[in-house]
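Please look over the model below before reading on. A few local features deserve a careful check.

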Amino acid sequence: MATLSHEAFRRAVERFGGCDEYFTEMINAPSLINMGPFEKYYLLNGPAPEKIVWQLTGSTGAPLAEAAAIVARTGGIGVDINMGCSAPQIYKTGAGIAWMTKPLEETRSAVRGVRQALDECARETGRPLRLSVKCRLGDEDYTDDGFFTFTDMLVSEGVSLITLHARTKKEKFRTHPRYDYAEKLALRYQKERVEIAVNGDITDAEAAAHAMKAAPHASSLMIARMAAQKPWIFDELSSRWSAEDAGTAYTADHRFDAEQLAMSFVDDVEACQPKEFHRTRIQRFFAYYCKNFMFGHYFLTQVQNYHSNEETREKIHDYFVKQPDEKILSY
């Protein structure tokens, strides 16, 4: 979710009622410590500061701990260490999933340093701060013993939420996530009351139901890219589950202006991001959002050919003039 889960994106989701927690895009710990000209934008915590989880990435332990102390004093639920990103440009630097392949004691030391930084901040502010980790199963040669040794270490060092994307480093989206590993983690750490979040391939209500059936003791679901395509997905899931609990049939009776949502996103990028980021943030979001429309490829091509925010607005409006039946969507 790099270049995507920033405040402008969170505002889009919040327009539909939001979700329980917002994980920020990955914040590079050394860059944050040096506080370059763009780092302050990574610290924006709107529109729901109380729901923010600060996601940190880095290749060594000391900067992670120092960065954790910075973001923890900005509010929010706590800090998440990304130990699952398998993008080559991340793990080749020693960050992301590389932490799962390093000597265990090196990773332990990094986790412990972040936990200590959060504890110190909690003592100062009187506000508890959660430490969480996102991980995968490991490299292609992972074993159950190796995986559970890694998660046991996390729990012993004070991690109270583990988000599992149950694929290996190279699997990407070629195989289905092994949700049963999330269930194994949930049962393994019941006594410690460690929460387990299931991540991967949760695209709609049916997929969410499948994940929850496979891991019934998991505490939550994490949805990433599909929330960019459908910022209303959390409200849709909630509405469907409420209907099921009430024993009634779910009907797609929620309607919204798709053009206005697109326009508002451009407005929010202007309000929340530096000018240098406008192009990439707009292109990244619409790469997913345009999938909702019949001529989405044409729509995306128009938006990706970015020259200015104003021209982007003109192209958005032009699409819905040509496709008026798609202006109002329902879910």
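The points below take up one helix face, two acidic side chains and the cysteines.

1. Start with the status of the model. It is predicted. Please read every distance and accessibility below in that light.

2. Helix α9 spans residues 205-214. Which of its residues are buried? Ala205, Ala207, Ala208 and Ala211 are. Seen down the axis of α9, the buried residues fall within an arc of 160°, so they line one face of the helix. A general point helps here. An α-helix has 3.6 residues a turn, so residues three or four places apart point the same way.

3. Now turn α9 around. The face away from its buried side carries Glu206, His210 and Lys213, which are exposed. On the buried side, the packing partners are β7 (195-199), β8 (220-222) and α11 (233-246).

4. Check the start of α9 as well. There, a side-chain oxygen of aspartate 204 comes to within 3.2 Å of the backbone nitrogen of glutamate 206. Glutamate 206 is also one of the exposed residues on the outward face.

5. Move on to helix α12, residues 258-272. Aspartate 268 sits in this helix. Is aspartate 268 buried or exposed? Its relative accessible area is 6%, so it is buried, the cut-off being under 20%. What does its side chain meet? It makes a polar contact of 3.0 Å with the side chain of arginine 11. Apart from neighbours within four places in sequence, aspartate 268 is in contact with Ala8, Arg11 and Arg15.

6. Glutamate 259 also belongs to α12. Its relative accessibility is 9%, so it counts as buried. The side chain of glutamate 259 has a polar contact with that of histidine 317, at 2.8 Å. With neighbours within four places in sequence set aside, the contacts of glutamate 259 are Ile316, His317, Phe320 and Lys327.

7. Last, the cysteines. How many disulfides does a search of the whole structure find? It finds zero. In general, a disulfide is a covalent bond between the sulfur atoms of two cysteines. Why does cysteine 272 not form one? The closest cysteine sulfur, in cysteine 19, is 16 Å from the sulfur of cysteine 272, so the pair is too far apart for a bond. The cut-off for a disulfide is 2.5 Å.

8. Add the surroundings of two cysteines. Cysteine 272 has a relative accessibility of 2%, so it counts as buried. For cysteine 290 the value is 2%, and it too counts as buried.

Key:
Residues numbered from 1 in each chain as written. Predicted model: local features only at pLDDT ≥ 70, side-chain atom pairs only at ≥ 80, totals over all residues. Heavy atoms only, no water. Helix = DSSP H or I, 4+ residues; strand = E, 2+ residues; numbered from the N terminus. Buried < 20%, exposed > 50% of the residue type's maximum accessible area, 1.4 Å probe, protein only. Polar contact = N/O pair within 3.5 Å; in protein donor to acceptor, adjacent residues only side chain to side chain. Contact = heavy atoms within 4.5 Å. Arc of directions from axis to C-beta.
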